[in-house]
Amino acid sequence: MYERHFNLTDKPFRLTPELKLRYPEPSQEITLNTLELALRDGEGFIKVVGEVGLGKTLVCRALLARLKHPFLTAWIPDPQISPGSLRQAIGRELGIAFQNRASLQELHQLLQIGLLELAAAGKRPVLLIDEAQALTPATLEAVRLLTNLETERRKLLQVVLFGQPELDHRLARPNMRQLRQRITFSCTLEALSPPAVGEYIEHRTRAAGAAEALFTPGAVRRIARASRGVPRLVNILSHKALLAAWGRGLPRAGRAEVRRAVADTESVTRGPSRLPGRLMRAAVVLGATVAAWTWFSGWPGAGS
């Protein structure tokens, strides 16, 4: 929408995990390096925990991109899955054939045979489960049983769980002690520090083609304070602030634009504010008017 106005080649603050825009935040880099080292060492069970919006799925995608031969990966993005469906999904992702209408016991045995064959071929299967805090107790138990599969030297299947802090609460229950004891590495994602928020914004705008700063220093400080360093909120506020700046024909977003973005974002305010919301919508309407006028009149300065 505003890419032409700011001379961008891409949208810098997409909410979808995009590796080319990923900022190397310290806790994410530590987590990625730990995961890679642990998987190469053959550790069976690893856990990654982070609050909503801190980039768990992005770390998962980055790990998938890093794991090359001899690793084979099975990624389960939907935790609402039964034990049988979990085994079928793992087999499908790893290229292990199952019989139609196989029982749970048959699925487990066929999966074990397939994993043994992959190990004999020098392959290293890895199971990654996103939003693992939502797994049912039965499916969590199925995951534990899968980590029992091993040769004399190493596990046949390594598992990485990505989840919100509720995952830790679930694993702390007495009936989860067997699974908890199998976790050899546990990583925690952290929010961005205020200086890192500025680096994050600059990194993403530069990656999207910006030749100069698109936010004033005051705007960056306001985003850092309002977002509490949560990357997803930084993206939302930055996008709305640029939208407001575009609507007013400004070359960059300032504190006023960020203030409007904050007022229009319920997740960073106690409740929605009708007046700021109208101001934001007015900025969007104004921006659309400016864009239309630029398009039809060929005014040279408006789209730069």
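**Exercise 1. Describe the largest cavity: its volume, its lining and the character of that lining.**

Solution. Start with size: the largest cavity has a volume of about 30 Å³. Keep in mind that you are working with a predicted model. Next, count: the structure holds one cavity of 30 Å³ or more. Now list the lining, which consists of Gly42, Arg124, Pro125, Arg154, Lys155, Leu156, Leu157 and Gln158. Finally, sort these residues by type: three are nonpolar, two polar and three charged.

**Exercise 2. Classify the ring pair Tyr2 and Phe6, and decide whether each residue is buried or exposed.**

Solution. Begin with the overall tally, which is three aromatic pairs. One of them joins Tyr2 and Phe6, with 5.8 Å centre to centre and 75 degrees between the planes. Planes over 60 degrees apart count as edge-to-face, and the Tyr2 and Phe6 pair is described that way. For burial, the cut-off is under 20% relative accessible area. Tyr2 has 2% relative accessibility, so Tyr2 counts as buried. Phe6 is buried too, at 6%.

**Exercise 3. Work out the geometry of the pair Tyr23 and Tyr200, and say which parts of the chain the pair ties together.**

Solution. Take the geometry first: the centres of Tyr23 and Tyr200 are 5.9 Å apart and the planes make 85 degrees, an edge-to-face pair. Then place each ring: Tyr23 lies in the segment before α1 (26–40), while Tyr200 belongs to helix α8 (residues 194–207). The pair therefore ties together parts that are 177 residues apart in sequence. To finish, check burial: Tyr23 is buried, with a relative accessible area of 10%, and Tyr200 is buried at 6%.

Key: Residues numbered from 1 in each chain as written. Predicted model: local features only at pLDDT ≥ 70, side-chain atom pairs only at ≥ 80, totals over all residues. Heavy atoms only, no water. Phe/Tyr/Trp six-rings, centres within 6.5 Å; stacked < 30°, edge-to-face > 60°. Buried < 20%, exposed > 50% of the residue type's maximum accessible area, 1.4 Å probe, protein only. Helix = DSSP H or I, 4+ residues; strand = E, 2+ residues; numbered from the N terminus. 1 Å grid on protein atoms, 1.4 Å probe; cavity = no way out; pocket = protein on both sides within 12 Å on 5 of 7 lines; lining within 4 Å. Points joined across faces, edges and corners; volume = space filled by probe spheres on them. Nonpolar A, V, L, I, M, F, W, Y, C, P; charged D, E, K, R; others polar.
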